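Visitor: I should like to learn how strands, sheets and packed helices are read in a model. Please take me through one.

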Amino acid sequence: MASIPAPVDVTKTPEWEALQKHHDKLVEEGISLKDWFAADPDRVEKLSFDLDDLHFDLSKNLVTDETVRDLVALGKAVGIEERFQNMLHGVHINTTEDRAVLHTALRRPKSDEGKFVVDGQDTVADVHEVLDRMYAFADRVRSGEWKGVSGKKIETVVSIGIGGSDLGPVMVYEALKAYPRAVDVRYISNIDPNDAAEKLKGLDPETTLVIVVSKTFTTLETMTNAAEVKTWLLQTLEAQGAIDGSDEQKAQAILHHFVAVSTNLEKVAEFGIDPQNAFGFWSWVGGRYSVDAAVGLSVIVAYGKEVFEDFLGGFHTVDEYFASTPLEKNVVALMGLVNVWYVNFFKAKSHAVLPYDQYLHRFPAYLQQLTMESNGKSTRWDGTPVTTETGEIFWGEAGTNGQHAFYQLIHQGTQLIPADFIAFVNTPNPAKVGDQDVHELFLGNFLAQTKALAFGKTADEVRAEGTAEWMVPARCFTGNRPTTSIFGQALTPHALGELIALYEHITFVEGTVWGLDSYDQWGVELGKQLAKQITPAFHGDEALDAQDASTKALIEYYRAHRK
C-alpha cells in the first residue's frame with residue numbers, strides 16, 4: 001500500500017455524532033422547506049453561489065445553517081482539503097494500484113510546466129506535448145491535408161472505445177453540436193455486432209477515418225470492434241476498386257484510415273497503425289477521467305483546437321476554485337457533503353441529474369460511470385471494510401422528457417431522491433410559437449419542477465380547486481423533495497468543462513468522507529475474466545462441462561436455438 005494515512009472512520013468522529021443528532025432533531029420537529037423559507041428571508045442568498053459563469057442555488061435542499069456548519073466540520077475532520085492537495089501534487093492516493101491521480105494535470109496551462117514533477121516526470125510538459133501533437137493531427141484532417149488511401153478528404157470519423165474511452169467523447173460531442181464541425185463522428189462501443197453494423201451504415205470507407213481508443217490496445221470489446229471495422233474497410237475498399245487487395249495496398253489503407261489512442265505502441269504497430277499516429281496518456285489518468293486527454297481526440301478533430309482549449313479552461317477554472325476556496329464557501333465541496341447527508345442520514349439510494357438542455361442528453365450516462373465506478377465500493381483505501389453506506393445510483397434524463405417518464409416517482413413516491421437540475425439562460429436555437437418564446441416555456445418547466453418538489457401542494461389547496469374529497473390524497477404533494485439548481489449562462493465548451501470537473505470533485509469529496517479509493521475499479525474485472533472462460537463453451541463440451549448449472553443450461557439453450 002502507498003504510504004498515505006489510513007482513512008478516518010467517519011462514523012466514530014464527534015462531527016458524525018453531531019450530524020446524527022441534528023438529523024434526528026430535524027425529523028422529530030418536522031422538516032418543512034416552506035417554513036424554513038418563511039422564517040429566513042436570507043436563506044436563498046446564504047445558499048446561492050457563483051462559480052465563473054455557473055450559478056448554484058442550494059436553498060431547496062434539506063439543510064439549515066446548522067446542517068451546513070456540521071457538514072463542513074465533517075469535511076475538515078476527514079481532511080478533504082489536505083487530501084485534495086495531496087492529489088494535486090502527485091501523492092499516490094490510488095492505493096490499490098500505487099498510482100498518482102493527476103487528471104487535474106490534463107488541463108493545466110503550459111505556464112505550469114516544471115511546477116508539477118511527479119515520479120520524475122514533468123506532468124504538464126508531458127500533457128502539452130501530446131496536446132500539441134493532437135492539435136497538429138486534427139488540423140491535418142480538418143484542412144483536408146490528411147487524405148484516405150484513394151486521395152479523398154476525410155468526412156467521417158469512427159471512434160471505437162468502451163467505458164471511459166467512449167462515454168466521455170460521445171457526451172462531449174453531443175453537448176457541443178451547436179458548434180460547427182469539420183467532420184461528423186460516429187461512436188462504436190458495444191461488442192454487440194448490431195452497434196458496429198448500424199454505425200457503419202451509409203459510410204464510404206474512402207472518406208472514413210477510424211480512431212481506436214484503448215490504453216493497452218488489448219481491451220476485448222474495443223479490439224474486437226476494431227478488427228470488425230478493419231475487415232469492413234478493407235473489403236469495401238477492394239469492392240469499390242480503391243485498392244487491389246494486395247497485402248501492400250491493404251497495409252497502406254490501414255495507415256491512411258486508422259490511428260490510435262494508446263500507449264502500447266507494439267500492439268498498435270501489430271494492428272498496422274503507424275506508431276507516429278498513436279496518442280498516449282498516462283497510468284495516473286483513469287478512463288472515466290480521461291475525456292480531456294487523448295481520449296478526446298475525436299472531439300478535437302470534429303470541433304478544433306480553440307474549442308478544446310476552451311473546454312480545458314473550464315475544467316481548470318473549477319480545479320482552481322476547489323483548491324483555493326474554504327469549505328464553508330466552496331459550492332463544489334458543499335454539494336458533495338450534502339450528498340453524503342442524504343445517503344448516510346436520510347438513507348437515499350439514488351440521485352437524479354436532470355439537464356434541461358437537449359445537448360446534455362448523454363450527461364447523466366456519463367456521470368453514471370464517473371460516480372458509480374468511482375464510489376461503488378465496500379472496501380476503504382487501506383483494505384478495511386467501509387463503516388457506512390457508500391455510493392449513489394446516479395441516473396437521469398433530459399428535461400422535459402423525464403417529466404413524462406419518471407418524475408411521478410420523485411414527486412409522490414415513497415423514496416427520497418435528491419435531484420440536480422441543470423439549465424442555461426441562453427440557447428443557440430431561439431424559437432417562437434406565436435408570441436411565446438419556446439426557450440422561456442422550457443425554462444418555466446425547469447423552475448416549476450424544483451418549486452413543486454420543494455413546496456408541494458396541501459390538501460386544502462387541492463380542495464380549493466373543487467376536487468372530490470376521495471381524490472384529494474392522490475393530488476397532494478408532500479414537498480420537501482430536495483433539489484439543487486445549476487443555472488449557467490450558456491452551454492459553451494468552457495461551461496461543459498466546468499460541469500464535468502464539478503462532478504469529478506463532488507465524487508472526490510464523497511469518496512474522501514467514506515474512506516474510498518475512488519480511482520480504481522476492480523469491480524469490472526471479474527466479469528471480464530469469466531467471459532474469456534465462458535466463451536469457448538459455446539462450441540466446446542469440455543469448457544461447457546466446467547460451467548455452473550445455470551450457465552450450462554443457458555449455453556445449451558443457445559446451442560439449441562442458434563440459427
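Visitor: Which residues of S11 lie on one side, which on the other, and are they buried or exposed?

Guide: Burial is judged by relative accessible area: buried is under 20%, exposed over 50%, and partly exposed in between, with a 1.4 Å probe and protein chains only. In S11, Ala419, Phe421 and Ala423 on one side are buried, as are Asp420, Ile422 and Phe424 on the other, and both faces of the strand are thus covered. Six of the six residues of S11 (residues 419-424) are buried, so this strand is largely enclosed by the rest of the structure.

Visitor: On what footing do these readings rest?

Guide: This is a predicted model, in which residues are numbered from 1 along each chain as its sequence is written. Local features need pLDDT of at least 70 and side-chain atom pairs pLDDT 80 or more, totals for chains, interfaces and linings use all residues, and side-chain values use heavy atoms, without hydrogens and water. The element names follow DSSP runs numbered from the N terminus: helices (H or I) have at least four residues, strands (E) at least two.

Visitor: Which strands are joined to S11 by bridges?

Guide: Two strands pair if DSSP finds at least two bridges between them. Strand S9 (residues 350-356) runs parallel to S11 and is joined to it by five bridges. Within that pairing, Ala352 has Ala419 of S11 as its bridge partner. Strand S14 (residues 483-488) also runs parallel to S11, joined by six bridges. There, Phe421 stands opposite Ser485 of S14.

Visitor: In what order do the six strands of the open sheet come?

Guide: The order is S1-S2-S14-S11-S9-S10, and the pairing is mixed. At the edges stand strand S1 (48-51) and strand S10 (393-395), each of which pairs on one side only. On average, neighbouring strands of this sheet are turned by 15° against each other, direction ignored.

Visitor: Which strands of this sheet do H14 and H17 touch?

Guide: Contact means heavy atoms within 4.5 Å. Axes are lines fitted to C-alpha atoms, for helices over the stretch in contact, and angles run from 0 to 180 degrees between N-to-C directions. Helix H14 (residues 331-345) packs on the sheet and touches S1, strand S2 (54-57), S9, S10, S11 and S14. The direction of H14 makes about 130° with that of S1. Helix H17 (residues 438-455) also packs on the sheet, where it touches S9, S11 and S14. The direction of H17 makes about 160° with that of S11.

Visitor: How is the open sheet of four strands arranged?

Guide: Its order is S6-S5-S7-S8, with parallel pairing. The edge strands, S6 (184-188) and S8 (258-261), each pair on one side only. Neighbouring strands here are turned by 20° against each other on average, direction ignored. Within the sheet, strand S5 (residues 156-160) pairs in the parallel sense with strand S7 (residues 208-213) over five bridges. Opposite Thr156 stands Thr208 of S7.

Visitor: Across which of these strands do H8 and H9 lie?

Guide: Helix H8 (residues 193-200) lies across S5 and S6 and runs at about 165° to S6. Helix H9 (residues 220-240) lies across S5, S6, S7 and S8, at about 160° to S7.

Visitor: At what angle do H15 and H19 pack?

Guide: Two packed helices are described by the angle between their axes and the distance between the axes. Helix H15 (residues 363-375) packs against helix H19 (residues 493-514) at about 25°, with the axes 10 Å apart. That angle makes the two helices roughly parallel; angles under 35 degrees count as roughly parallel, over 145 as roughly antiparallel, 65 to 115 as roughly perpendicular and the rest as oblique. H15 contributes Phe363, Tyr366, Leu367, Leu370, Thr371, Ser374 and Asn375 to the contact. From H19 come Leu499, Ile500, Tyr503, Glu504, Thr507, Glu510, Gly511 and Trp514.

Visitor: How do H7 and H15 cross?

Guide: The axes of helix H7 (residues 167-175) and H15 come within 9 Å and cross at roughly 155°. H7 and H15 are therefore roughly antiparallel. Leu167, Gly168 and Met171 of H7 make the contact with Phe363, Ala365, Tyr366 and Gln369 of H15. Phe363 and Tyr366 are also among the residues of H15 in contact with H19.

Visitor: Where is Gly79 found, and is it buried or exposed?

Guide: Gly79 is found in the loop between helix H4 (65-77) and helix H5 (80-88). With a relative accessible area of 13%, Gly79 is buried. Its C-alpha atom is separated by 8.6 Å from that of Val8, although Gly79 and Val8 are 71 residues apart along the chain.
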